[in-house]
Amino acid sequence: MTAALLATAMLGVNAQKPMSAPAGGKAISDELIGIFFEDISSSADGGLYAELVQNGSFEYNPTEKDGWGPGTAWRMIRPGHSLGYLEPRMDNPIHPNNPTYMRIHTERVKEYYDYNGWKGFGLQNDGFDGFSVKAGAKYDFSVFMRNVDKSAKEVRVVLVEQPQGRGGFGRAPKLLAEAMLNVNSNGWQKYETVLTPTETSQRAVLQVLVLTPGVLDIDMVSLMPQDTYKGHGLRKDLAQVLADLQPKFMRFPGGCVVHGGGDGFWNTYRWKTTIGPKEQRKQMKNTWGYHQSMGLGYYEYFQFCEDLGMEPLPILPCGVNCQGTNGGWGMKDQAQDVVPMSEMNEWVDEILDLIEWANGDPATSKWAKMRADAGHPAPFNLKYVGIGNEERISPEFVERFKYIYERVTKAHPEIIIVGTAGPGSHPGNSDFENGWKLADELGMPIMDEHYYEPRDYFLKSRQYDSYPRDRKTKVYLGEYAAKDKKFIDALAEGLYLLHVERNADVVCMTSYAPLFARKNATNWNPDLIYFDNERPFLTCSYYVQQMFGQSSGQYYYGNCVTFTDGTELQGQSVILNVKTRQLFVKLCNASGEAKTANIDLSRFGLKKTATKTTLSGNAEDENNYEHQPIAPQKETVKAQKKFKLELAPYSMVMLQYAL
């Protein structure tokens with residue numbers, strides 16, 4: 001990858017003819033702010049993926065979590081004291097990648113005469129802490145079923161709200177929606193209907209009731225809201241808060257998920273088994289201790305990137321397992337599992353085939369034809385590929401990384417490769433030093449650095465000021481966060497990002513991590529966005545990230561702002577976007593005293609008004625499920641070329657000008 005080609009990819013200046021930039025600006029990356037999605041803390045199933053049914057394919061098992069099995073999230077339901085039993089089976093499944101299903105033996109169906117003909121025998125799914133459904137909204141139900149005894153069967157599908165409290169014992173559930181299916185096939189067949197609740201409920205459940213005695217197989221039970229983000233199966237409110245960040249790229253699917261976490265190569269994420277029909281995708285244990293249905297797979301990731309105008313940045317394994325494999329994270333300095341060099345072509349092909357799938361011509365490429373058959377004949381225009389995630393930069397890693405790197409760059413010189421600097425990416429760390437030595441040797445385009453630190457690091461460290469300016473390799477700060485979620489932590493991250501922006505000729509991309517965490521299912525704290533079934537909860541850090549995402553540009557001006565009394569806990573940046581003809585001034589005061597900024601924008605032709613966005617509060621404020629004291633306050637102000645701006649204690653301000 002030539003320096004000129006990388007610069008074009010970073011700046012995107014060929015999209016349209018840019019306006020001229022006033023003197024004194026430094027060219028920087030306009031892809032600086034992105035997002036990193038990893039399925040941690042139930043971010044996918046029960047989160048961004050809009051599916052309401054949990055374990056709809058009956059593939060949960062004890063290797064994922066103690067006490068789990070095909071019946072997890074399900075319960076037997078027999079209104080009117082109908083009789084029967086459930087039997088998990090694995091013979092003659094829908095597809096070998098989806099081996100487990102449930103057999104329903106219905107022996108007697110008795111009407112629950114006291115409660116309006118409630119009858120049947122079957123299953124109830126409790127979803128992820130229940131289902132939240134809205135009155136009048138439409139939900140697509142689908143299921144694969146097969147008659148075993150060759151007799152057609154009536155199946156009733158209902159959404160009900162369960163009675164609560166001690167007074168609910170013995171009372172029938174409240175009916176919210178229902179539909180009837182006639183199962184008449186002796187082989188696996190997909191059945192579909194639409195459920196429309198008559199009332200809104202936060203504690204609905206789904207019941208599938210067989211009304212005809214006999215034996216029936218069932219698998220791939222699904223209930224999806226029709227109203228998803230751009231109709232692509234993602235939960236609308238969670239997708240929207242990501243869109244509101246205005247990210248320029250998305251890194252996925254991990255993280256430790258990429259290379260098997262602590263479980264070995266059998267649990268390595270393989271993109272090829274996450275595309276195609278949902279019933280043919282291979283589900284697997286999640287590194288973070290639960291289950292991945294792969295309903296949110298590579299096709300959905302790429303489609304979401306397209307929907308938000310983000311560059312996709314898939315991360316693929318490099319033949320070296322996670323550094324926590326042999327005995328867990330306490331053994332992270334021990335030898336890692338590695339693929340024999342004689343088998344490395346499989347891992348090279350994993351990347352080459354992905355590039356073909358994403359960018360190839362369906363007329364000449366079998367992988368591109370699979371993309372087209374899924375509904376996307378046009379290429380996804382993939383330009384970035386990451387190889388590896390936080391592996392120790394051992395001799396074994398170097399050998400395998402070089403093997404992949406040389407073959408991928410030879411086959412696809414247009415692809416920008418992102419490497420890894422290992423865990424704890426600070427100067428002096430042996431993996432960091434070895435990773436950068438490898439990057440310099442290969443002339444690698446981008447190096448991915450990761451670190452999580454206490455707030456003081458982000459308040460005081462300025463790591464990128466000392467990076468060499470003539471190095472070919474740019475920096476991607478792929479994972480970082482302060483280790484708490486107070487407002488002062490968000491301001492510390494803001495100060496650090498101002499420093500990153502000043503060095504955005506060296507640092508071309510950043511992404512906060514982790515992105516999502518489900519309430520009551522959180523593996524890691526802090527996170528950028530918390531959520532439950534009803535809504536997302538936006539942290540203080542979210543609003544800082546949003547401010548930077550909204551203010552991307554191609555030029556940095558460092559001499560437009562000065563502070564009256566020093567800059568120990570203050571920072572600033574002035575960013576020009578020549579494509580949108582906007583100017584952004586960002587200022588941060590992470591101290592407990594008011595500060596004065598002197599601003600001179602004389603070199604820019606400003607329109608008459610500007611938008612001022614302010615984040616302010618107390619240092620210990622925290623946005624949580626009960627209370628969200630920190631949120632941006634917007635106002636229209638007069639545009640001035642030379643002026644003083646008072647910054648309140650613990651505040652961050654952005655001024656946005658049209659040019």
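**Figure 1. Helix α6 and its cover in the predicted model.** The buried residues of α6 are covered by elements that include α4, β18, β19 and α7 (430-442). Buried in α6 are Phe397, Arg400, Phe401, Tyr403, Ile404, Tyr405 and Val408. An α-helix has 3.6 residues a turn, so residues three or four places apart point the same way. Helix α6 covers residues 395-411, 17 residues in all. At 1.5 Å a residue, α6 should span 24 Å; the C-alpha atoms at its ends lie 25 Å apart, which agrees.

**Figure 2. The open sheet and the β18-β19 pair.** The open sheet is formed by 8 strands. Their order is β2-β14-β17-β18-β19-β20-β21-β22, and the pairing is parallel. At the edges are β2 (35-36) and β22 (507-510), each of which pairs on one side only. Within this order, β18 (residues 384-387) pairs with β19 (residues 416-420). The two run in the parallel sense, with 3 bridges. One bridge links Tyr384 to Ile416 in β19. Both β18 and β19 also help to cover the buried residues of α6.

**Figure 3. Helix α3, a mostly covered helix.** Helix α3 takes in residues 298-308, and 10 of its 11 residues are buried. The buried aromatic side chains include Tyr298, Tyr299, Tyr301, Phe302 and Phe304. Glu300, Gln303, Cys305, Asp307 and Leu308 are buried too. Which elements cover the buried residues of α3? Among them are the helices α2 (236-243), α4 (345-359) and α5 (366-373). The strands β14 (249-252) and β17 (311-316) also take part. Gly309 follows α3, and its phi is positive, near 70°.

**Figure 4. The largest pocket and its lining.** The pocket holds about 760 Å³ of space. Its lining is made of 35 residues. Closest to the centre are Tyr49, Glu51, Ser222, Met224 and Lys278. Which element gives the most to the lining? Strand β13 does, with 5 residues. At least two lining residues come from each of β8 (139-147), β11 (189-195), β13 (214-225) and α3. By residue type, the lining holds 11 nonpolar, 16 polar and 8 charged residues.

**Figure 5. Two cis peptide bonds in loops.** Most residues other than glycine have a negative phi, and most peptide bonds are trans. A cis bond joins Gly254 and Gly255, with omega about 15°. Gly255 sits in the loop between β14 and β15 (284-285). The bond from Asn525 to Pro526 is also cis, and its omega is near -5°. Pro526 belongs to the loop between β23 (516-518) and β24 (529-531).

**Figure 6. Positive phi at Met220 and Arg581.** Neither residue is a glycine. Met220 has a phi near 50° and lies in strand β13. Is Met220 buried or exposed? Its relative accessible area is 16%, under the 20% limit, so Met220 counts as buried. Arg581 has a phi of about 55°. Arg581 is placed in the loop between β28 (570-577) and β29 (582-589). With a relative accessible area of 43%, between the 20% and 50% limits, Arg581 is partly exposed.

Conventions:
Residues are numbered from 1 along each chain as its sequence is written. This is a predicted model: local features need pLDDT of at least 70, side-chain atom pairs count only at pLDDT 80 or more; totals for chains, interfaces and linings use all residues. Side-chain values use heavy atoms; hydrogens and water are left out. Buried means under 20% relative accessible area, exposed over 50%, partly exposed in between (1.4 Å probe, protein chains only). Helices (H or I, at least four residues) and strands (E, at least two) are DSSP runs, numbered from the N terminus. Contact means heavy atoms within 4.5 Å. Two strands pair if DSSP finds at least two bridges between them. The expected span of a helix is 1.5 Å times one less than its number of residues. On a 1 Å grid over the protein atoms alone, a cavity is a set of points where a 1.4 Å probe fits but cannot get out, and a pocket is an open set with protein on both sides within 12 Å along at least five of seven lines; lining residues have an atom within 4 Å of a point. Grid points are joined across faces, edges and corners, and a volume is the space filled by probe spheres set on the points. Ala, Val, Leu, Ile, Met, Phe, Trp, Tyr, Cys and Pro count as nonpolar, Asp, Glu, Lys and Arg as charged, and the others, Gly among them, as polar.
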